[in-house]
Every structure is written in C-alpha cells, then in structure tokens.
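This report describes the protein chain displayed below. It proceeds from the general arrangement to individual residues.

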Amino acid sequence: MSKLLKVAMAVTAVFALLMQPVSASDKSTKFKVTLVSVELIENNHVGNEWLTKAYVNGKEAQKNKSITLSLKSTDSIICRRAG
C-alpha cells in the first residue's frame with residue numbers, strides 16, 4: 001500500500017471518528033467535522049514544497065477548524081484529498 005494512500009486513509013478515519021451531531025431536526029441533522037492532524041508519512045520525490053488539501057463533501061477542511069454539514073439520512077459523507 002502506498003504511503004500516500006495510507007495518509008489519505010488516516011485523514012478519512014480522523015474525519016469519521018470526530019463527527020459530532022450539532023443539532024437535529026425532522027429532515028436533516030447537522031454534523032460538525034474537525035480535522036485535527038495531518039501527517040506526511042513519506043516524501044520520495046524531488047523537492048520539499050508539498051501541498052495536500054482535504055475536502056469533506058466539497059468543502060475544504062483546514063487543520064483545527066470545523067466544517068458544519070447538514071445531512072439527510074439518505075446523504076453520504078465524502079472525504080477526499082487533493083495534493
């Protein structure tokens with residue numbers, strides 16, 4: 001398994017474990033998602049200027065900042081990284 005894939009899986013796991021309900025209603029529920037840490041496991045390429053971004057349902061996640069999602073029971077949470 002590549003190191004980059006391991007980083008992506010770790011970020012996804014952090015998001016999944018830290019989701020907390022903010023409030024509830026009949027049609028949707030609000031969740032607060034916070035990215036608490038990011039770690040570059042390995043850099044086998046030339047250069048030292050790396051940028052990696054994480055997104056939750058299309059919203060950019062920033063370290064130690066929360067994203068609030070309003071989701072219905074049929075909605076999905078999609079975590080992805082770009083970088």
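## Order of the elements

Read from the N terminus, the chain follows the pattern α-β-β-β-β-β-β. Its secondary structure thus comes to one helix and six strands. The coordinates belong to a predicted model.

Helix 1 covers residues 3–18, and alanine 10 is found within helix 1. Several strands are referred to below: strand 2 spans 29–34, strand 3 spans residues 53–56, strand 4 spans 59–61, strand 5 spans 66–71, and strand 6 spans 79–82.

## The chain as a whole

The chain has 83 residues, and 18% of them are buried. Its accessible surface comes to about 6200 Å², and carbon and sulfur atoms account for 52% of that surface.

Contacts may also be considered by the separation of the two residues in sequence. Of the contacts with a separation of 6 or more, 57% are between residues 24 or more positions apart.

## A sheet of three strands

Strands of a sheet pair through backbone hydrogen bonds, and the pairing may be parallel or antiparallel. In this model, three strands form an open sheet in the order 4-3-6, and the pairing is antiparallel. Strand 4 and strand 6 stand at the edges; each has a single partner strand, so one side of each has no neighbour in the sheet. On average, neighbouring strands of this sheet are turned by 35 degrees against each other, with direction ignored.

Strand 3 is joined to strand 6 by four bridges, and the two run antiparallel. Among the bridge partners in strand 6 are arginine 80, which is paired with tyrosine 55, and cysteine 79, which is paired with valine 56. Strand 3 is also joined to strand 4, by three bridges, and these strands likewise run antiparallel. In this pairing, alanine 54 has alanine 61 of strand 4 as its bridge partner.

## Tyrosine 55 and arginine 80

The bridge between tyrosine 55 and arginine 80 is accompanied by a second relationship. Arginine 80 lies over the face of tyrosine 55, at 4.6 Å from the ring centre.

A pair of aromatic rings is described by the distance of the centres and the angle of the planes. How many aromatic pairs does the structure hold? The number is zero.

## The turn at asparagine 57

Strand 3 and strand 4 form a hairpin with two residues between them. Asparagine 57 is located in this loop between strand 3 and strand 4. Phi of asparagine 57 is near 50 degrees, which is a positive value in a residue other than glycine.

Is asparagine 57 buried or exposed? With a relative accessibility of 30%, asparagine 57 counts as partly exposed, because this value lies between the limits of 20% for buried and 50% for exposed residues. Apart from its neighbours within four places in sequence, asparagine 57 is in contact with Leu69, Leu71, Ser76, Ile77 and Ile78. In addition, the C-alpha atoms of asparagine 57 and cysteine 79 are separated by 6.5 Å, although the two residues are 22 residues apart along the chain.

## A second asparagine with positive phi

Asparagine 64 is situated in the loop between strand 4 and strand 5. Asparagine 64 is not a glycine, yet it has a positive phi of about 65 degrees. Its relative accessible area is 56%, and asparagine 64 is therefore exposed.

## Two further positions

Serine 37 lies in the loop between strand 2 and strand 3. Its relative accessible area of 39% makes serine 37 partly exposed. The C-alpha atoms of serine 37 and glutamine 62 are separated by 9.5 Å, while the two residues are 25 residues apart along the chain.

Alanine 10, in helix 1, has a relative accessible area of 41% and is partly exposed. Along the chain, alanine 10 and valine 38 are 28 residues apart, and their C-alpha atoms are separated by 8.3 Å.

Note on methods:
Residues numbered from 1 in each chain as written. Predicted model: local features only at pLDDT ≥ 70, side-chain atom pairs only at ≥ 80, totals over all residues. Heavy atoms only, no water. Buried < 20%, exposed > 50% of the residue type's maximum accessible area, 1.4 Å probe, protein only. Contact = heavy atoms within 4.5 Å. Areas by Shrake-Rupley, 256 points an atom, 1.4 Å probe, with all protein chains shown as cover. Pairing = 2+ DSSP bridges. Axes fitted to C-alpha atoms, helices over the stretch in contact; angles between N-to-C directions. Phe/Tyr/Trp six-rings, centres within 6.5 Å; stacked < 30°, edge-to-face > 60°. Lys NZ or Arg CZ within 6 Å of the ring centre and 35° of its normal.
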